[in-house]
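Student: I am new to this structure. Could we go through it step by step?
Tutor: Yes. Have it in view, and ask as we go.

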Amino acid sequence: MSTTGTGKTDAPTPNGHWAGSGLSEPPRTAGGVTLCGGCRAAGSCRLGVERERLDEEGVARFELSCPRSHEGGPDVAHGGWTAAVLDDCLGHLPLLHGVMSVTAELTVSFVKPVPVERPLELRVWADRREGSRWYIAGELTLPPGGAVLARASGIWVTRDHSHYARHAQWLAGQGGDAEDR
């Protein structure tokens with residue numbers, strides 16, 4: 001067992017993933033970064049997110065850099081990395097409020113090429129909430145000048161921990177079991 005950035009113990013879960021296990025708090029790094037299932041196994045965010053926090057205005061702030069392993073063009077992040085890190089971090093806003101959610105819609109605007117292995121900042125905020133839907137936006141910037149590199153907005157839908165069990169049940173009914181391949 002290890003201690004998370006929130007001071008809570010990251011105990012093993014029966015299925016190896018926190019989201020479907022009923023944990024009330026997701027595992028986090030020392031920098032407070034919420035770890036997904038794949039990153040939990042690695043012990044760090046594979047997308048390069050190093051710190052996350054919720055400020056007094058309710059805005060999530062992230063410190064990150066694009067790892068060289070996600071380079072698309074020379075010294076430039078792959079657009080897939082940019083979209084993935086925006087999806088991930090925008091989805092962390094509800095988590096920082098203690099709410100699990102899933103992405104329903106994501107729109108990304110690529111403003112400037114994102115450099116690899118350079119410090120970046122991402123600000124994320126909720127434009128509004130309607131029932132179980134969070135309308136979230138964010139901007140990825142290059143410090144210290146704050147040049148905007150990408151913008152994203154989307155909708156996240158609140159889900160409870162049974163969401164993943166329902167998905168597994170649905171998927172099992174779709175055929176194409178791993179043994180059939």
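**A pocket and the sheet beside the questions**

Tutor: This is a predicted model. Start with the second largest pocket: its lining residues divide into two nonpolar, two polar and eight charged.

Student: Which elements give two or more residues to the lining of the second largest pocket?
Tutor: The lining includes Arg51, Glu52 and Arg53, and also Arg61, Phe62 and Glu63. Glu121, Leu122, Arg123, Glu139 and Thr141 are among the lining residues too. The elements giving two or more residues are β3, β4 (60-64), β8 and β9.

Student: What volume does the second largest pocket have?
Tutor: Gly31 is one of the residues that line the pocket. The volume of this second largest pocket is about 220 Å³.

Student: In what order do the strands of the open sheet of six strands lie?
Tutor: The pairing in this open sheet is antiparallel. From one strand to the next, the twist averages 20°. The order is β3-β4-β8-β9-β10-β7.

Student: Why is one side of β3 and of β7 left without a neighbour in the sheet?
Tutor: β3 covers 49-54 and β7 covers 101-110. Both stand at the edges, so each has a single partner strand.

Student: Which residue of β4 stands opposite Arg51?
Tutor: β3 and β4 pair in the antiparallel sense, over five bridges. Arg51 also helps to line the second largest pocket. Its opposite residue in β4 is Glu63.

Student: Which residue in the hairpin of β3 and β4 takes a positive phi?
Tutor: Five residues lie between the two strands of this hairpin. The one with a positive phi, near 85°, is Gly58.

Student: What is the bridge partner of Glu121 in β9?
Tutor: Strand β8 (residues 120-130) and strand β9 (residues 133-142) run antiparallel, joined by nine bridges. Glu121 and its partner both line the second largest pocket. That partner is Thr141.

Student: Which residue lies over the face of Tyr135?
Tutor: Look for a charge over the ring of Tyr135. At 3.8 Å from the ring centre lies Arg128.

Student: Is the peptide bond from Pro143 to Pro144 cis or trans?
Tutor: Pro144 lies in the loop between β9 and β10 (147-158). Omega for the bond is near 5°. The bond is cis.

Student: Where does Asp75 lie?
Tutor: Asp75 is not a glycine, yet its phi is positive, about 60°. Asp75 lies in the loop between β5 (71-73) and β6 (76-77).

Conventions. Residues numbered from 1 in each chain as written. Predicted model: local features only at pLDDT ≥ 70, side-chain atom pairs only at ≥ 80, totals over all residues. Heavy atoms only, no water. Lys NZ or Arg CZ within 6 Å of the ring centre and 35° of its normal. Pairing = 2+ DSSP bridges. Helix = DSSP H or I, 4+ residues; strand = E, 2+ residues; numbered from the N terminus. Axes fitted to C-alpha atoms, helices over the stretch in contact; angles between N-to-C directions. 1 Å grid on protein atoms, 1.4 Å probe; cavity = no way out; pocket = protein on both sides within 12 Å on 5 of 7 lines; lining within 4 Å. Points joined across faces, edges and corners; volume = space filled by probe spheres on them. Nonpolar A, V, L, I, M, F, W, Y, C, P; charged D, E, K, R; others polar.
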